[in-house]
2 protein chains.
Amino acid sequence: MEKYYNQIKNSPVFYGMNDDELKGLLECFNARIKNFEEGEMIIRQGDRITNIYLILEGAVNIEKDSYWGRRIIITQLSVNDNIALAFVASKNTESNIDAVAADDTKVLVLNYEKCTSMCQNACTRHKVLINNLFDILSKENIELIQKIENVSQKSIRDKLLTYLSNEARKRKSNSFEIPFNRQDLADYLNIDRSAMSFELSKLQKEGLIKYNKNLFQLSARV
Amino acid sequence: MEKYYNQIKNSPVFYGMNDDELKGLLECFNARIKNFEEGEMIIRQGDRITNIYLILEGAVNIEKDSYWGRRIIITQLSVNDNIALAFVASKNTESNIDAVAADDTKVLVLNYEKCTSMCQNACTRHKVLINNLFDILSKENIELIQKIENVSQKSIRDKLLTYLSNEARKRKSNSFEIPFNRQDLADYLNIDRSAMSFELSKLQKEGLIKYNKNLFQLSARV
DNA sequence: TGTTTTTTGTTGTATAAACAACGGAAATGT
DNA sequence: ACATTTCCGTTGTTTATACAACAAAAAACA
C-alpha cells in the first residue's frame, strides 16, 4: 500500500485531502489491494456491487455480451480510473456490465457501503469525498455521451474518423496511442475487424491518417 | 410556480426536503420557469452551461448532429428529468449536445453556479441536494450504458429487440408506450426509418411483437 | 535461433442495410 | 367536411458491411 500512497492521494477519488483525511478514509473504506491477471473478471453482469475499485496498475475493459455471444466493449479504463462507481451509487442496482482485466491489473478495493454507513455523511472528509465522486460521475457521463457519438456514426469510415478525432482532441495532440488492439477497437466500435483494417489502410493511402501498430497520427485535414 | 410546487418537491432533484429547505434552495437557485415551443433549442453544442433545467411539462430530445447533418438522438427526457446536470457539474466543460424541445415544454431553470458559490456547500439543504444530484448522475450513467447496449447491436432486428425488451424491463410490463415516433426511434437507434418499419412489421408477422402506433406489446418469447 | 502463436491486412462473396420513390393512413388545420 | 400536411409501411435497387479464408508480419516462447 505504501508504494502507491502518493498515487492514491492524487487520484481523482481522494484528490484534495490531507494525509489525515486520506488515512482515515482508507480505514473507513477498509481499503485493500487486489490483483487480477489478464482476462480475469473483476465484476460480472448481475453482481450486486458494494465496492468501488480504483485502478492502480494495468487496464480494465468494461464489456457486455450480446445474446449471440458477440462482445461489446463499452470502454477501457486505466490507471487512476475507478470501476463500478455508478452501480454502488445507485443502491440496489445490479451490474449490467462485466469488468475484465485487459492486462495484469492491481486495484484498490474500497468498501463503499461500509464507509457510507459508518460516516453517515457526517465527517468532513466524507464531504470532500462525495464532491470528488460527484465530479468523477459527471465526467464519466460526458465520456459515455462521447462514446455514443462514436458508435452512432453510420459507416465504418465515419466511426473511425469520429473516434480518432475525438481521441486527438482529448489528448490535445494529433499523434497518440490507442489502448486497443485491432480486435478490441472493432468490438468498441461494433464493426467487423477485417473490414475495419481494410478501411484503416484506405484512410492511410488517402493520406488522412498514418499509423503504426497502436500509434496513430492524424493529418491536418481530419 | 405555485402550481408546480408539489411536483417540484417530489422531483428527484429536491426529493426529501422540507418546505423551508425547498423554498430556500429555490431562492438560492434563482429559480424561474421558462417555456419552449416544440422544436426550440434549449441548449446548443458549444454552449457553456450554468443552469440546470428541470422539466415540468413536455419532453426534450438530447441530440447531436453528425458532420453530414444526420441527426443522432442520444435520449429523450421527460417530466421530472433534468437537462445538463453533467455539464454544470463538470465545470468549464462545453456542452457537446443539443437539447431540443420535443413538445411544448415548461422547464424550471436553476442557476447552479449562483447556488454553489452562495452556499459554499455549507448549508444543510445543500448537503441533501448534492446527495440527490449524486443519485441522479449515477442513474443517468447506467441509462447511458443501457443506450450503448441498444445501439451496439449489429442488426436492425437485434437493435429493435434489445431496445424493446430493455424498455419492457424498465417499465416492468410487456406492453408499453414508447416516447418516439418512427423517425425519432430510427434516429435513436441509428438506423434507416423505412428499413426499421419493414423489420417491425416482420417481427409482428412472426408474432414476436404487436404494435399499434406507439403502443408496443412483447410476446412471452422475446 | 527456430518454432509456435497471435495479430493484422487483404481479397472475394453473400447478405443486410441504406436509399429513393411512392401510396395510403392518420393527423392537423380551416 | 374538406384540404393539406405529416407520418408510416412497402417495394426495388444500390451500396456497404459482415463473413470466411488466407497470407504476411509480429510477438511470444522454447
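A salt bridge here is a side-chain nitrogen of Lys or Arg within 4 Å of a carboxyl oxygen of Asp or Glu. Keep that cut-off at hand for the exercises below, which work through a predicted model.

**Exercise 1. Salt bridges between the chains**

Find how many salt bridges cross the interface of chain A and chain B, and test one pair against the rule.

*Solution.* Start with the total: the rule finds 4 salt bridges across the interface of chain A and chain B. Now take one pair, Lys91(B) and Asp135(A), whose closest N and O atoms are 3.7 Å apart. The cut-off is 4 Å, so a distance of 3.7 Å passes and the pair counts as a salt bridge. Next, turn to polar contacts: 8 residue pairs across this interface are in polar contact, with both residues at pLDDT 80 or more.

**Exercise 2. The chain A side of the interface**

Work out which elements of chain A supply at least two residues each to the side that touches chain B, and what classes of residue make up that side.

*Solution.* First, list the elements: β5 (71-78), α3 (85-89), α5 (124-152) and α6 (156-171) of chain A each supply at least two residues. Then rank them: α5(A) gives the most, with 20 residues. Finally, sort by class, which yields 19 nonpolar, 14 polar and 11 charged residues on the side of chain A that touches chain B.

**Exercise 3. The extent of the interface**

Describe how much of each chain takes part in the contact, and how much area is buried between chain A and chain B.

*Solution.* Count residues first: chain A contributes 44 residues and chain B contributes 44 residues. Then turn to area, since the size of an interface is often given as the accessible area lost when the parts come together. For chain A and chain B the buried area is about 3,900 Å², and carbon and sulfur atoms give 63% of it.

**Exercise 4. Around DNA strand C**

Identify the residues closest to DNA strand C, then say which part of the strand three side chains of chain A approach.

*Solution.* Begin with the surroundings: 18 residues surround DNA strand C, and the closest are Arg182(A), Ser197(A), Ser201(A), Ser155(B) and Ile156(B). Of the strand's atoms that come within 4 Å of the protein, sugar and phosphate account for 65%.

Now look at individual side chains:

- Arg182(A) has a side-chain N or O atom 2.9 Å from a phosphate oxygen of the strand.
- Ser201(A) places a polar side-chain atom 2.5 Å from a phosphate oxygen.
- Arg193(A) has a polar side-chain atom 3.1 Å from a base nitrogen.

Moving up to elements, α7 (182-189) and α8 (193-205) of chain A and α8 (193-205) of chain B give two or more residues to the surface near the strand. The most come from α8(A), with 5 residues. To finish, the classes on this surface are 5 nonpolar, 8 polar and 5 charged residues.

Terms used: Residues numbered from 1 in each chain as written. Chains lettered and ligands numbered in written order. Predicted model: local features only at pLDDT ≥ 70, side-chain atom pairs only at ≥ 80, totals over all residues. Heavy atoms only, no water. Near = heavy atom within 4 Å. Polar contact = N/O pair within 3.5 Å; in protein donor to acceptor, adjacent residues only side chain to side chain. Helix = DSSP H or I, 4+ residues; strand = E, 2+ residues; numbered from the N terminus. Nonpolar A, V, L, I, M, F, W, Y, C, P; charged D, E, K, R; others polar. Contact = heavy atoms within 4.5 Å. Buried area = accessible area lost by both parts, 1.4 Å probe.
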